[in-house]
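Biologist: I should like to go through this model with you, one question at a time. Please give the reasoning before each result.

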Amino acid sequence: MSGCLRDRALLLLYYGGGISSQRTHLTKCEVCAARYRQLERDLEAISQVLREKPHPATVAHRSHPFTVRWLPIGAALALALVLVWVSVRIWNPSAERPLKGTSNGEAWSLVDELPSNLFLLNEAMATGLWTERASSYNLAAAVLEADRPCEWYDLPATGMAESSMEDLEISGTIPFTPCVELGKKP
Amino acid sequence: MSYEALYAAHHGEVLRLCRLLLANHHDAEEIAQEVFLKVYQQFQNMNQTELMMWRPWLIRVSVNACRDRRRSGWWKLWHGTNEEYQEANHPNPSRTPEEVVLSRETQGRIWRAFERLSARQREVFVLHHVDGWSTDEVAEMLGITTGSVKRYLFRAARHLRRMLGDS
């Protein structure tokens with residue numbers, strides 16, 4: 001079969017394309033001529049099937065067209081809703097309003113709910129800050145980051161952030177900045 | 001030629017074309033009705049002595065109507081590939097049951113492969129192979145070049161052979 005035409009070339013010849021050497025080969029090579037005739041038969045068979053009207057029973061609705069068709073749309077809508085919600089939570093200043101009018105007493109009750117190691121570094125400084133004037137910004141940041149000690153933000157990116165706070169305390173080499181610097185005073 | 005005669009002569013062909021292009025029998029019937037409504041309006045407006053090549057005109061209008069239907073947003077959402085060919089069922093008493101099953105299977109494979117072609121490939125393949133138009137005529141009806149018609153035909157045939165060969 002070496003030197004014989006590929007299927008692509010046969011198709012090109014069938015639709016009037018190809019080059020003269022291919023056409024010449026087709027007239028001389030019996031194998032390729034037989035393949036060409038087979039191609040003609042295949043296309044005619046396909047056309048014949050398409051010409052016949054299919055029996056009504058041959059066309060049927062899929063059992064779950066709604067699910068299949070709407071699944072990606074539903075997922076996209078859900079994702080869009082989540083993104084909108086997240087962006088509103090992050091960027092909309094009104095999301096912080098509940099904390100603006102927080103009194104010192106309420107602030108301390110919230111602080112009590114935070115992890116104890118959040119303020120283990122410099123209680124005196126922290127106390128000074130809170131008694132001086134509790135910043136709603138500081139409080140909001142602390143509440144939002146309640147699960148992670150704010151000191152972790154200041155650790156260098158050397159993998160230390162993955163160490164537990166207890167390890168750091170034991171080693172006595174906690175290189176963090178006090179919590180009080182997490183939020184700036186307005 | 002009267003409108004009734006025109007309808008009788010070409011309705012079947014238009015309906016088959018729409019069915020092949022839309023893969024949905026109900027939509028095909030609807031589009032065929034729309035096409036013949038346009039024919040009727042054309043009949044009202046044209047000079048009775050005017051000669052008109054109705055067949056190419058009908059094909060062109062049908063293809064455009066099917067294309068418009070496919071492009072409509074709701075049709076895409078609800079129909080896209082809403083219907084599929086399950087298996088052909090053309091009883092033939094001269095065949096053995098094995099042959100009938102094989103024939104059904106083959107026809108089903110052909111239909112499934114055909115429905116996976118792009119819209120343009122379907123149009124060109126149907127007009128050329130099923131309806132028997134030349135590549136030049138298809139090009140004129142679809143408003144594309146003859147070379148483009150041949151390219152679409154080539155791709156369609158190659159995809160069909162691949163899909164039928166693989167399955």
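The exchange below concerns a predicted model and takes up residues, a core, a helix pair and a chain.

Biologist: Is Trp54(B) buried or exposed?

Modeller: Trp54(B) belongs to helix H3 of chain B, which spans residues 54-71. Its relative accessible area is 9%, and the cut-off for burial is under 20%. Trp54(B) is therefore buried.

Biologist: Which residues does Trp54(B) contact, leaving aside its neighbours within four places in sequence?

Modeller: One partner, Leu6(B), is 48 residues apart from Trp54(B) in sequence, yet the two C-alpha atoms are 8.2 Å apart in space. With neighbours within four places left aside, the contacts of Trp54(B) are Leu6(B), Val39(B), Gln42(B), Phe43(B) and Met46(B).

Biologist: Which residues touch the most other members of the largest nonpolar core?

Modeller: Not counting residues up to four places away in sequence, Val39(B) touches Tyr3(B), Leu6(B), Trp54(B), Trp57(B) and Leu58(B). Among the 64 residues of the largest nonpolar core, the members that touch the most others are Val39(B) and Phe125(B).

Biologist: Between which domains does the largest nonpolar core lie?

Modeller: Helix H1 of chain B, residues 3-22, gives the most to this core, with 9 residues. Residues of the core come from both domains of chain B, so the core lies between domain 1 (1-81) and domain 2 (94-167).

Biologist: How are H2(B) and H3(B) oriented to each other?

Modeller: Two packed helices are described by the angle and the distance between their axes. The axes of H2(B), residues 25-45, and H3(B) come within 10 Å and cross at roughly 135°. The crossing is right-handed, and its contact includes Val39(B), Gln42(B) and Phe43(B) of H2(B) and Trp54(B) of H3(B). At that angle, H2(B) and H3(B) are therefore oblique to each other.

Biologist: Is Gln121(B) buried or exposed?

Modeller: Gln121(B) is placed in helix H6 of chain B, residues 119-130. Beyond four places in sequence, Gln121(B) touches Tyr152(B), Arg155(B), Ala156(B) and His159(B). Its relative accessibility is 7%, against a cut-off of under 20%. Gln121(B) therefore counts as buried.

Biologist: Turning to chain A, what pattern does it follow along the sequence?

Modeller: Of the 186 residues in chain A, 25% are buried. The chain has 9 helices and 1 strand. Read along the sequence, the pattern of chain A is α-α-α-β-α-α-α-α-α-α.

Notes
Residues numbered from 1 in each chain as written. Chains lettered and ligands numbered in written order. Predicted model: local features only at pLDDT ≥ 70, side-chain atom pairs only at ≥ 80, totals over all residues. Heavy atoms only, no water. Helix = DSSP H or I, 4+ residues; strand = E, 2+ residues; numbered from the N terminus. Buried < 20%, exposed > 50% of the residue type's maximum accessible area, 1.4 Å probe, protein only. Contact = heavy atoms within 4.5 Å. Core = buried A, V, L, I, M, F, W, Y, C linked by side-chain atoms within 4.5 Å. Domains from an automatic or database assignment. Axes fitted to C-alpha atoms, helices over the stretch in contact; angles between N-to-C directions. Parallel < 35°, antiparallel > 145°, perpendicular 65-115°, else oblique. Left-handed = near helix turned anticlockwise from the far one by under 90°.
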